[in-house]
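Trainee: I should like to learn how to read the features of a protein model. May we go through one together?

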Amino acid sequence: VYEGLDIITNKVSAQEQRICRHHMISFVDPLVTNYTVVDFRNRATIYLPETKFLLLWEEPIITLNLCSGKFLSIPRSLQVFEETGISHSEFLHRQHTEEGGGPLGGPLKFSNPCILWLHADQAVLDERLDKRVDDMLAAGLLEELRDFHRRYNQKNVSENSQDYQHGIFQSIGFKEFHEYLITEGKCTLETSNQLLKKGIEALKQVTKRYARKQNRWVKNRFLSSKLTSHNLSLSSLGPGPIVPPVYGLEVSDVSKWEESVLEPALEIVQSFIQGRKPTATPIKMPYNEAENKRSYHLCDLCDRIIIGDREWAAHIKSKSHLNQLKKRRRLDSDAVNTIESQSVSPDHNKEPKEKGSPGQNDQELKCSV
């Protein structure tokens with residue numbers, strides 16, 4: 001939605017827009033950092049073909065469900081109560097506890113869905129992501145960054161008010177070149193080249209890190225579930241969240257796109273349409289029977305409620321939690337040192353007594369101990 005940084009944000013090109021018309025692209029000033037989904041929604045209503053959708057896009061009033069920690073829309077909550085006679089919170093609770101429901105929501109809306117997941121070997125994916133950055137550089141990324149920095153960020157930097165946490169400034173690929181942009185022309189060529197190399201490497205690393213995060217989300221959300229919705233007996237497997245079956249399509253070798261991706265994908269979709277079992281086998285991951293997906297864990301350090309054993313295990317290994325743990329240990333250590341310094345004996349600074357015989361000194365040491 002923001003103007004500028006077309007290369008780094010991978011915006012649809014002008015040529016592609018001529019093929020397929022797009023709306024609401026590059027219409028927000030980059031200096032606006034408080035543009036929200038509500039603003040986007042209000043503007044998007046003018047493109048909705050039927051007025052009946054306007055009710056769904058009504059300006060919401062948000063309230064916090066103190067029990068679950070989730071935000072609920074008051075108009076939607078009133079609608080649920082009018083139609084069902086129960087509160088919105090109770091309605092959601094019943095959905096989650098239905099057969100096939102879970103902490104993330106109720107049962108699947110459609111009875112026979114499937115997911116096609118294009119995945120590649122990690123080494124191949126990393127190589128492609130690195131090449132993507134190289135292609136962006138060849139397409140004029142540095143010129144784009146320099147121009148954007150000069151027009152929108154240089155003044156903020158001079159006033160020490162730059163903000164890389166909101167709006168377009170948080171985009172992957174801009175803040176990584178901060179040192180290079182603010183020192184270009186003010187340092188030696190060698191230093192500038194080193195900072196440029198550092199920014200490029202940082203961009204490649206954060207891009208690969210983000211791709212890994214996306215893969216973990218797919219695995220945790222879809223591949224680690226006990227139940228799938230296709231050809232399974234729910235009564236025999238017991239309670240638990242149901243997710244669609246995920247069919248993996250290997251894209252490591254794009255020269256084999258037809259036989260490895262296109263043809264298997266068409267066969268899988270056709271099988272679902274015809275109501276028969278595909279020849280391909282869904283991806284499965286081992287399921288931990290002892291895992292509780294509805295357990296509540298309170299993290300006193302982070303002041304958060306974590307739902308689910310796996311989510312809790314991930315949280316206690318997260319960077320934010322470990323940082324809070326370091327702070328707590330540092331505070332505890334400082335407190336112990338303070339107590340010890342205050343509890344030192346008043347005789348600590350007195351002159352030592354005249355030395356006696358070695359045996360006498362040993363005996364006095366034993367007594368003091």
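Mentor: We begin with the accessible surface, which for the protein chain of this predicted model comes to about 25,600 Å². Carbon and sulfur atoms account for 54% of that surface.

Trainee: What share of the residues in the protein chain is buried?

Mentor: Of the 369 residues in the protein chain, 26% are buried. The secondary structure comprises 14 helices and eight strands. Among contacts between residues at least 6 apart in sequence, 51% join residues at least 24 apart.

Trainee: Which residues have the most contacts inside the largest nonpolar core?

Mentor: A nonpolar core is a set of buried residues of certain kinds, joined through side-chain atoms. Here the largest has 23 residues, and Leu145, Phe174 and Phe177 have the most contacts inside it. At least two residues of this core come from each of helix 6 (122–138), helix 7 (141–158), helix 8 (178–183) and helix 9 (189–223). Another core, of six residues, lies apart from it and includes Trp117, Val218, Phe222 and Val246.

Trainee: What does Phe177 touch, leaving aside residues up to four places away in sequence?

Mentor: With those set aside, Phe177 touches Leu142, Leu145, Leu196, Gly199, Ile200 and Leu203.

Trainee: Let us turn to the surface. Which residues make the nonpolar surface patch of about 620 Å²?

Mentor: The patch is made by Leu116, Leu118, Trp257, Leu262, Leu266, Val269 and Ile273. Two elements, strand 3 (115–119) and helix 11 (257–274), give two or more residues to it. Helix 11 provides the largest share, five residues.

Trainee: Is Leu118, which lies in strand 3, buried, partly exposed or exposed?

Mentor: The class depends on relative accessible area: buried means under 20%, exposed means over 50%, and partly exposed is in between. Leu118 has 43% relative accessibility, so this residue counts as partly exposed.

Trainee: How many salt bridges does the structure hold?

Mentor: The structure holds 12 salt bridges. One of them joins Asp130 and Lys208, whose closest N and O atoms are 3.4 Å apart. This pair links distant parts of the chain, with Asp130 in helix 6 and Lys208 in helix 9, 78 residues apart. Lys208 has a relative accessible area of 12%, and therefore is buried.

Trainee: Where do Glu184 and Arg146 lie?

Mentor: Glu184 is in the loop between helix 8 and helix 9, whereas Arg146 is in helix 7; the two are 38 residues apart and link distant parts of the chain. Their salt bridge has its closest N and O atoms 2.8 Å apart. Glu184 is partly exposed at a relative accessible area of 30%, and Arg146 is partly exposed at 27%. Together with Glu143, these two residues are linked in a network of salt bridges.

Trainee: Why are Arg151 and Asp147 separated by about one helical turn?

Mentor: They are separated by about one helical turn because they are four residues apart in helix 7. Their side chains meet in a salt bridge, at 3.1 Å from N to O. Asp147 is partly exposed, with a relative accessible area of 25%.

Trainee: Finally, which side chain makes a polar contact with that of Lys11?

Mentor: The side chain of Ser26 does so, at 2.8 Å. Lys11, in the segment before helix 1 (14–19), also reaches the backbone oxygen of Gly4 with its side chain, at 3.1 Å. Not counting residues up to four places away in sequence, Lys11 touches Tyr2, Glu3, Gly4, Asp6, Ile25 and Ser26.

Methods: Residues numbered from 1 in each chain as written. Predicted model: local features only at pLDDT ≥ 70, side-chain atom pairs only at ≥ 80, totals over all residues. Heavy atoms only, no water. Polar contact = N/O pair within 3.5 Å; in protein donor to acceptor, adjacent residues only side chain to side chain. Contact = heavy atoms within 4.5 Å. Patch = residues over 30% accessible without salt bridge, like charges linked within 9 Å, V, L, I, M, F, W, Y side chains within 5 Å. Areas by Shrake-Rupley, 256 points an atom, 1.4 Å probe, with all protein chains shown as cover. Salt bridge = Lys/Arg side-chain N within 4 Å of Asp/Glu carboxyl O. Buried < 20%, exposed > 50% of the residue type's maximum accessible area, 1.4 Å probe, protein only. Core = buried A, V, L, I, M, F, W, Y, C linked by side-chain atoms within 4.5 Å.
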